[in-house]
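Thanks, everyone; I would like to take a few minutes on one model, beginning with its aromatic residues and moving outwards from there. Please have a look at it first.

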Amino acid sequence: MGTTLFSSCSFLAQISSVENGISRVKAVACSTGSDSVDGVMKRRSVLVSGASLISSAVLGFPADGLAVVKQGLLAGRVPGLSEPDEQGWRTYRRPDDKSGGHGVGWSPIIPYLFSVPQEWDEVPVSIADLGGTEIDLRFASPKKGRLFVIVAPVLRFADDLGDDATIEKIGPPEKVINAFGPEVIGENVEGKVLSMNVEEHSGRTYYRYELEPPHVLITATAAGNRLYLFSVTGNGLQWKRHYTDLKKIADSFRVV
């Protein structure tokens, strides 16, 4: 029988089993709602304990069926960015008509989404940036940190992944961070990976990493014919003061 970890008015989380270092957590709807049982989320801890599962849920990350995000060109608004929720957080969803696609013949980029505190805003992307033309988006807060999204064609890494790639097909967590971590931090990641976890949301697998130095949280997944890398970082003071928010941003990333 599973062990209850925590509960709220929206769900009840239970550890159903632990096998080979992989904790399986099931979120079950409370009696106050009519939602069905949520998907099973798998996390594999390499250097951190399974207790991080509790903190990720308590932080209140947005569910896969996030509230409606307002899109389009509104005066003074970033396209794809929602109005703040009750906690002052906004959800960004990549607009379906946003330009990008890495050349003729590529299918449209499958949208992604994530949540940020109200003071975070989109900043211009330069082709001179680390990651070059494959950086699809940047956001930043002068006080808390910054983030960017890399969307790269999977043909860069293998020619047999087709148009329905998964992160598992690209490789295991260790291979992915060793291959693509340098694109995020600009240097070899050997000896810098503090934690490495595997999660599943709505049938899609995500690899999540924490590196130091530099302080950075990386999420990797794949969809269609593209690899997605989501990086959240901050300087030493920002990391110390705002780690909880930075972690919540990193864990909110989804490809829809």
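One aromatic cluster is formed by Tyr92, Tyr112, Phe114, Phe139, Tyr228, Phe230 and Phe253, where rings of Phe, Tyr and Trp (its six-membered ring) are taken to pair if their centres lie within 6.5 Å, with planes under 30 degrees apart called stacked, over 60 edge-to-face and the rest tilted. Before I go on, please note that this is a predicted model, in which local features need pLDDT of at least 70 and side-chain atom pairs count only at pLDDT 80 or more, while totals for chains, interfaces and linings use all residues. Residues are numbered from 1 along each chain as its sequence is written, and side-chain values use heavy atoms, with hydrogens and water left out.

The search of the whole structure finds nine aromatic pairs. In one of them, Phe114 and Phe139 meet edge-to-face, at 5.5 Å centre to centre and with 90 degrees between the planes. Because Phe114 lies in strand β6 (residues 112-117) and Phe139 in strand β8, this pair ties together parts that are 25 residues apart in sequence; strands here are DSSP runs of E of at least two residues, and helices are runs of H or I of at least four, numbered from the N terminus. Both Phe114 and Phe139 are buried, meaning under 20% relative accessible area, as against over 50% for exposed and in between for partly exposed, with a 1.4 Å probe and protein chains only.

What surrounds Phe139 along its own strand? Strand β8, residues 135-141, is mostly covered, with six of its seven residues buried. On one side β8 pairs in the antiparallel sense with strand β7 (residues 121-122) over two bridges, which meets the requirement of at least two DSSP bridges between paired strands, and Glu122 stands opposite Phe139. With strand β9 (residues 145-153), β8 also pairs in the antiparallel sense, over six bridges; Leu137 has Val149 as its bridge partner there, and a hairpin of three residues joins β8 to β9.

Turning to helix α3, we find a kink of about 35 degrees at Ala179, shortly before the proline Pro182, the bend being the angle between axes fitted to the seven residues ending there and the seven starting there. The buried residues of α3 include Val176, Ile177 and Phe180, and the helix is followed by Gly186, whose phi is positive, near 80 degrees.

For the protein as a whole, the secondary structure comes to four helices and 14 strands, and buried residues make up 45% of the 256 residues.
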